Amino acid sequence: MTTPTDRLVGLLDLERIDLNIFRGRSPDESLQRVFGGQVAGQALVAAGRTTEGDRPVHSLHAYFLRPGRPGVPIVYQVERVRDGRSFTTRRVVAVQQGRTIFNLTASFHEPEPGFEHQVAMPDVPAPEELPRLADEIRDRLGELPSALRHMERRLAFDIRYVDRLRWTPQELADAEPRSAVWMRALGPLGDDPLVHTCALTYASDMTLLDAVRIPVEPLWGPRGFDMASLDHAMWFHRPFQADEWFLYQQESPIATGARGLARGQIFDREGRLLVSVMQEGLLRPYGPRHMDGTPSEGPPAETK
């Protein structure tokens, strides 16, 4: 039986159709658009497959230009911008049905010695002390709405929120625009470091905009905003395994003009800072949604 982790690894296993051209699958799911983390993870796979394996990625900068269509393959075109003595640079354009939907620039760096310092990891409960996301929602609602049952079946990561989810206006009152979650892939991801890096890139887009929304609406209740990632940047500081627990600390310094900025820090259980993340998202208000996720007033067909 195919597991969500198997499906994630399959999504990251791109078909090479030419030296610098790859094709990725896009699941035919009941979603308005392709999940942004999927496109970012696949684009990084394409970039990484054109580099030497001894140079891990150290940063990526990406723009989500158009919503991708679920069920339609995505072609990734890689430009070999530079192969230097210590750094390698790749530019990737994602194309679907003849239209550019996403672009990414990634830089790879051969490891070398240097001095070190980092911020401290927050003092939070261990993941074993926290409920799984689906269990927490069931405890609140009695059962999962259909949209969330579908999410649980395809979700490849165990997600556990450090703070309890807020559902009512009273619980949202005076809420700070920050959040923290423990995550790990539900199953083994194998031995390829690039797969772990791209899997975490996929996961990094799942909860980061939570920090923007927390002061105004429940994270897993009816939504009043159509949300879309606009751009995404990551800096990879140390090697890691995405199938081991990592803490994703997130906060939003500002939301204005229908856009919200969020930043995240990813730590391992030993407190080592692994990855830093920044993202801006579009949060465009529309009418309230029903609890099953369907809009009572439809969002625009194309967000951007």
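A search of the whole structure, a predicted model, finds 16 salt bridges. A salt bridge here is a side-chain nitrogen of Lys or Arg within 4 Å of a carboxyl oxygen of Asp or Glu. Local features need pLDDT of at least 70, side-chain atom pairs count only at pLDDT 80 or more, and totals for chains, interfaces and linings use all residues. Residues are numbered from 1 along each chain as its sequence is written, and side-chain values use heavy atoms, with hydrogens and water left out.

**Exercise 1.** Find the salt-bridge partner of Arg33 and place both residues.

Step 1. The partner is Asp226; the closest N and O atoms are 3.4 Å apart.
Step 2. Arg33 lies in the loop between strand 2 (21-24) and helix 2 (36-48), and Asp226 lies in strand 9 (residues 225-236), so the pair ties together parts 193 residues apart in sequence. Helices (H or I, at least four residues) and strands (E, at least two) are DSSP runs, numbered from the N terminus.
Step 3. Arg33 is buried, at 17% relative accessible area. Asp226 is buried, at 2%. Buried means under 20% relative accessible area, exposed over 50%, partly exposed in between (1.4 Å probe, protein chains only).

**Exercise 2.** Classify Arg90 and Asp83 as buried or exposed.

Step 1. Arg90 and Asp83 form a salt bridge, with closest N and O atoms 3.0 Å apart.
Step 2. Arg90 is buried, at 1% relative accessibility.
Step 3. Asp83 is exposed, at 53%.

**Exercise 3.** Locate the partners in the Arg259 salt bridge.

Step 1. Arg259 pairs with Glu280; the closest N and O atoms are 2.9 Å apart.
Step 2. Arg259 sits in strand 11 (residues 259-268) and Glu280 in strand 12 (residues 273-285), 21 residues apart.
Step 3. Arg259 is partly exposed, at 39% relative accessibility.
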